[in-house]
Every structure is written in C-alpha cells, then in structure tokens.
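Me: Please take a close look at the salt bridges in this model, one pair at a time. For each pair, I would like to know how far the side chains are open to solvent and what can be said about their setting.

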Amino acid sequence: MEWIEQINSTINSIVWGPPMLILLVGTGIFVTFLTKFFQVTKIKLWWSGTFGQLLKKQEKKDDVNITPFQAVSTALASTVGTGNIVGVATAIVSGGAGAVFWMWVSAFFGMMTKYCEIVLSLKYRETAADGTYRGGPMYYIKNGLGEKWGWMGTLFAVFGAFACFGIGNMTQANSIVSTIQETTGVSPLISGIVLAAIVALVVIGGIKRIASVTEKLVPFMAVFYIVGGVLAIVLNIGRLGPAFGEIFAGAFSFKAVGGGVMGYVIMQAMRFGFARGVFSNEAGLGSAPIAHAASSTKDPCEQGLWGVFEVFVDTLVVCSITGLNIVMSGLYTTGDLKGAPLTMAAFGQTLGGFAGIFLTIAIACFAGSTILGWSYYGERCVDYLTKGNKTILLIYKLIFVGLIIVGSVGGLTLIWDIADTLNGLMALPNLIAVVLLSKVVISETKRFLGERKLSL
C-alpha cells in the first residue's frame, strides 16, 4: 500500500505542479488572443446572452433534454464547491494576499478556455437512442480529431469515471457532515446516511431530475452567499482599500523570504493563485462541457457564452468575496488559522455568531450541489466507456451513493489522493483537444458573430 501512495504522490506532484498550471493558464492565454479578447470586447454580448436571459421568460423545456439555464446550473453546481470557501483560505495562507490577484488572472483567461470547451462539446455531441444529447471532451476528441485519437477520449472518460468518487463525492460529503457535527453535534454517520438517501433520490432520476434540482439550488446558494459575503465586506468597509493594497503589493512583491531567491513571494502568490483559480472554476479540466452538452441549445456559441459567465460567477464573484473577507480580517498573517476555521473567523469579525450558521448553510449547499453535478459527469463517462450499458450505469450510481456514507465517516485518504491525481489527468487530453481544435472554435465564433452582424 505504501508503494502505491509513493507512486501517486510522485504523479500528483507532476500533474498539479507548475508545468500543468502553466499549461492550463497558457491555453487560456492562447485562445484569448485567438478570439481577440472576446471576454472583454464582447462583454455586452455574453452578458446579455446569459444574465440578461435570466430576466426573460424561460424557453419551453425539451421533452428529453434540459434548458440552457439548467445546463449551466448543473455545471455551476459541480464547480462552486467547498474550494470556494476552504480552498481560497488555503491559497491565501500559502501564497499570501497576492494569491487573490493571480486567482483573478487565471479566471480572466479561464473564461475563454471554458467557452472553447463548451462550443466544441455542442459542436461534436451525439444524440442517443432516447433523444438525449451526449457530449464532452471524449466526444469532441473522437468526432473532432478523428478515430485515431479515440484512445485519448477513452483515457479522459476513465480518469473522469474514477475521479468523481473523490473530488465530487467523498471529500464533499465529508465537508458537509463535519460542518454539521461542529455546529449541531449530529453524528457523521447519521448525516451521511441522510445525505446519501437525498442524493440517491435525485441521481437515480438522471439528468432531468438533477437539472430540476440544481436550477433551484444554485441560484439560492449563489445569492445567499453573495448577499452574506457582501454584507460582511460592507460592515468592515474601512478595511477594503487597504485589503486591495495588500493584494496588489503581494502579487508583485519581488522580496526574498528568509534569505531565499529574489522574487520568492511573487512566485508563491502566482503558484497558489493560479492553482486556486483552476481548481475553483475547472476551466480546462473538461468537466463542465459534459453538462452543457445536454442542453437543448442548438447553437454551440450561444451555449458557450454561459461558460464565460460561469467562470465570472465562480471565481471573480464567489471566490473574491471569500478572499476579500479573509484579507480584510488580517487573520491570515498569524499562521494560527487556515482552511475553513480561517474563513469562519474572518466572517465572524463582522457577522458575529451568525457566521457559523451562514457558513454551515453555504458549505452544505456548495458541497451538496457539487455531488449532484459530479454524479452526472461520472455517469456520462461510464456511459461512454460501456456504450450505454444500463445495468453497469445503475451499479455505478449505487456505488457512487454508497461512497457518500464512506466519505462521511472519514478514512480512505489514499482514494481521495488518487482521485485528485485523476482529476488533474483529465485536463491533459482535454487541453490537447482544445488547442488542436481551436480553429474550429474560431470558425464557429465568426459565424455566430456574423449572424449578429458583429466581427471578431
């Protein structure tokens, strides 16, 4: 068992090391230049095509597929998780306040990475016998790059099918029951069984039921956290200016620490800021396109706009609220707190005793929605590998639900670590496909803009 841990640790250090982060952010920079900074120059288009659509009457639902908003809700459900609360705190403790700035940078370029993923996902998706759409990296690798690249799509599906057990299941379940135990004293086992039962009722029903839940849960949890987080900032508004000063100073500080290499501070800030941004919005990992492919939307670029919006909400809004509250509190400099306790203490400075209740509800919603979103990702990966074998799919769902209880009572750290490695490995075939198919994205985007009498 020890040798497995060592092998996984070695692979993990490579998969989530600087080269991978450079590749992830670099791909975003590459497609941003190709699209001539679409996220900025076409901000009115993607804003009106996403948030603007929420203010209008939603289109009639497809009999078998889901609406564009349900698709983005399912994607956001898996994207907005405990990392937005705990992960940001960890990044700031490890990389300083400057990590927040580099988190913003990764999100800025990640907007276009996710746009490309979604465009390709709809462009090369397939229609199953029951009329539902199937899409994601495995499909645009196979149908876009050709059968000779099929092995790479299969690799992605294998990595995704197993990664969801840790990243989108056990770690999230553990976060929920641990928080509930801390605030209410309820046993993790009891909470885990209840959580598993709730998830089973939703997951067994397939994408239509998952989407019907996420389209209600995601808006609630987003508004709840944003309102509470902004209120905490307003109550401590005098610290907002200095906090921004600390963020920018830390982002560009070339100081050496402890006689180390000049520029150590900025390197740490970049490393953890990029990592937090990528882990948070999942741009480049290839997970979100699986949910977006199930949308009833006909135009790939129209759905792609939701990818830009998705990264904006997840990182530039939700993660920023967490980051600003932590930096404003000044508690990250003591070294006494990190992770959830640091976030709790930061919010507690302004929200007092309500901070515990506020974060318990937020973590329960964030982690719960992530479990639902990732259950669908895993299901679609298994569906691809087994060519739609319903018996195997049902067994997979039952295992997924059962592992919620296992994750709730702790243990199996090795499985979590392996899942984390597999999650990173998902990005490799996906990013290769995004770069190789970037010309297709440009062609589709020019067509889309041309229909609206705009130019790239």
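Reply: A residue is called buried when its relative accessible area is under 20%, exposed when it is over 50%, and partly exposed in between. The model is a predicted one. Searching the whole structure gives 13 salt bridges; three of the pairs are described below.

Start with R239 and E246, whose side chains form a salt bridge with an N to O distance of 2.7 Å. E246 has a relative accessibility of 26%, so this residue is partly exposed. R239 is also placed in the partly exposed class because its relative accessibility is 25%. Both values lie in the range between 20% and 50% that defines this class.

The next pair is R447 with E444, joined by a salt bridge at 2.9 Å, N to O. Both residues belong to helix 21, which covers residues 438-451. They are three residues apart in that helix, so about one helical turn separates them. The two partners fall on either side of the cut-off for burial. E444 has 10% relative accessibility and therefore counts as buried, since the class takes in values under 20%. R447 has a relative accessible area of 28%, so the arginine is partly exposed.

The third pair is E451 and R452, with a salt bridge of 3.8 Å between N and O. This distance still qualifies because the criterion is a nitrogen within 4 Å of a carboxyl oxygen. E451 is exposed because its relative accessible area is 51%, where the class begins over 50%. R452, at 34%, is therefore partly exposed.

The second and third pairs should also be read together. E444, R447, E451 and R452 are among the members of a salt-bridge network that also includes K123 and D299. Within this network, solvent access covers each of the three classes: E444 is buried at 10%, R447 is partly exposed at 28%, and E451 is exposed at 51%. As general background, side chains of opposite charge can pair when their charged atoms come close.

In short, R239 and E246 meet at 2.7 Å, R447 and E444 at 2.9 Å, and E451 and R452 at 3.8 Å.

Notes: Residues numbered from 1 in each chain as written. Predicted model: local features only at pLDDT ≥ 70, side-chain atom pairs only at ≥ 80, totals over all residues. Heavy atoms only, no water. Buried < 20%, exposed > 50% of the residue type's maximum accessible area, 1.4 Å probe, protein only. Helix = DSSP H or I, 4+ residues; strand = E, 2+ residues; numbered from the N terminus.
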